[in-house]
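Subject: Structure for your review

Dear colleague,

Please find below the structure that I am handing over to you. I would be grateful if you could keep it open while you read the notes that come after it.

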Amino acid sequence: MTARKCMALIAHDLKKQDMAEFAKAHESVLADWRIVATGTTGGRVQEACPGLDVTRLKSGPLGGDQQIGALIATGDVDLLIFFIDPLTALPHDVDVKALTRLATVYDIPMALNRATAERLVDFRPL
């Protein structure tokens with residue numbers, strides 16, 4: 001039996017409810033994944049879907065984005081779903097850019113909005 005693949009979930013403040021709704025709508029598919037998430041996002045997903053295997057890391061501004069970036073760099077994340085809010089200034093914007101750069105460098109499938117996430121949700125890595 002192969003280990004479950006890992007999906008990382010992150011959402012900016014004004015997108016956290018959308019992430020929780022996305023997780024609820026796709027709970028049966030997400031149940032096949034091991035999920036890592038930044039702190040508050042992970043909490044919202046756990047509230048919406050208590051049966052999912054969610055590991056909560058630190059809050060994004062407190063290092064959670066960097067923790068997920070490290071997991072990408074070590075090959076431990078297979079898919080990144082990051083609901084960004086491009087209309088709100090973020091004090092940790094450099095962390096966000098570093099995370100998306102790492103996902104690109106390591107060729108990790110990445111959705112930055114719900115429309116793309118809806119298309120990637122059934123992604124099955126080799």
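The notes below describe the sheet, its strands and the helices that pack around them. Please bear in mind throughout that this is a predicted model.

The sheet

The centre of this description is an open sheet of five strands, arranged in the order β3-β2-β1-β4-β5, with parallel pairing. The edges are formed by β3 (54-56) and β5 (110-111), each of which pairs on one side only.

It is helpful to walk through the sheet strand by strand. Strand β1 (residues 6-11) runs parallel to strand β2 (residues 34-37), and four bridges join the two. Within this pairing, Ala8 has Val36 of β2 as its bridge partner, and Leu9 has Ala37 of β2. Strand β2 is in turn joined to β3 by three bridges, again in parallel. Here Val36 has Thr55 of β3 as its bridge partner.

On to the next pair: β1 and β4 are paired in the parallel sense over five bridges, and Met7 has Leu79 of β4 as its bridge partner. Strand β4 also pairs with β5, in the parallel sense and over two bridges. In that pairing, the bridge partner of Leu80 is Met110 of β5.

Strand β4

Is β4 mostly covered or mostly uncovered? It is mostly covered, as five of its five residues are buried. Leu79, Ile81 and Phe83 point one way from the strand, while Leu80 and Phe82 point the other way, and all of these are buried. This may be read alongside a general rule: in a regular strand, side chains alternate between the two faces of the sheet.

Helices on the sheet

Two helices may be placed relative to these strands. Helix α1 (residues 16-25) lies across β1 and β4 (79-83), and its direction is at about 135° to β4. Helix α4 (residues 64-73) lies across β1, β2 and β4, running at about 155° to β1.

Helices packed against helices

Two packed helices are described by the angle between their axes and the distance between the axes.

For the first pair, α1 packs with helix α3 (residues 39-48) at an angle of about 40°, and the axes are 9 Å apart. Because of this angle, α1 is oblique to α3. The crossing of α1 and α3 is right-handed. On the α1 side, the residues that meet α3 are Lys16, Gln17, Met19, Ala20, Ala23 and Lys24; on the α3 side they are Thr40, Thr41, Arg44, Val45 and Ala48. The residues of this contact comprise five nonpolar, three polar and three charged.

For the second pair, α4 packs with helix α5 (residues 93-105) at an angle of about 15°, with axes 9 Å apart. An angle under 35 degrees counts as roughly parallel, so α4 is roughly parallel to α5. These two helices make a left-handed crossing. From α4, the contact involves Asp65, Gln66, Ile68, Gly69 and Ile72; from α5, it involves Asp95, Val96, Leu99, Leu102 and Ala103. The residues of the contact between α4 and α5 divide into six nonpolar, two polar and two charged.

Yours sincerely,
A colleague

Notes:
Residues numbered from 1 in each chain as written. Predicted model: local features only at pLDDT ≥ 70, side-chain atom pairs only at ≥ 80, totals over all residues. Heavy atoms only, no water. Pairing = 2+ DSSP bridges. Contact = heavy atoms within 4.5 Å. Axes fitted to C-alpha atoms, helices over the stretch in contact; angles between N-to-C directions. Parallel < 35°, antiparallel > 145°, perpendicular 65-115°, else oblique. Left-handed = near helix turned anticlockwise from the far one by under 90°. Nonpolar A, V, L, I, M, F, W, Y, C, P; charged D, E, K, R; others polar. Buried < 20%, exposed > 50% of the residue type's maximum accessible area, 1.4 Å probe, protein only.
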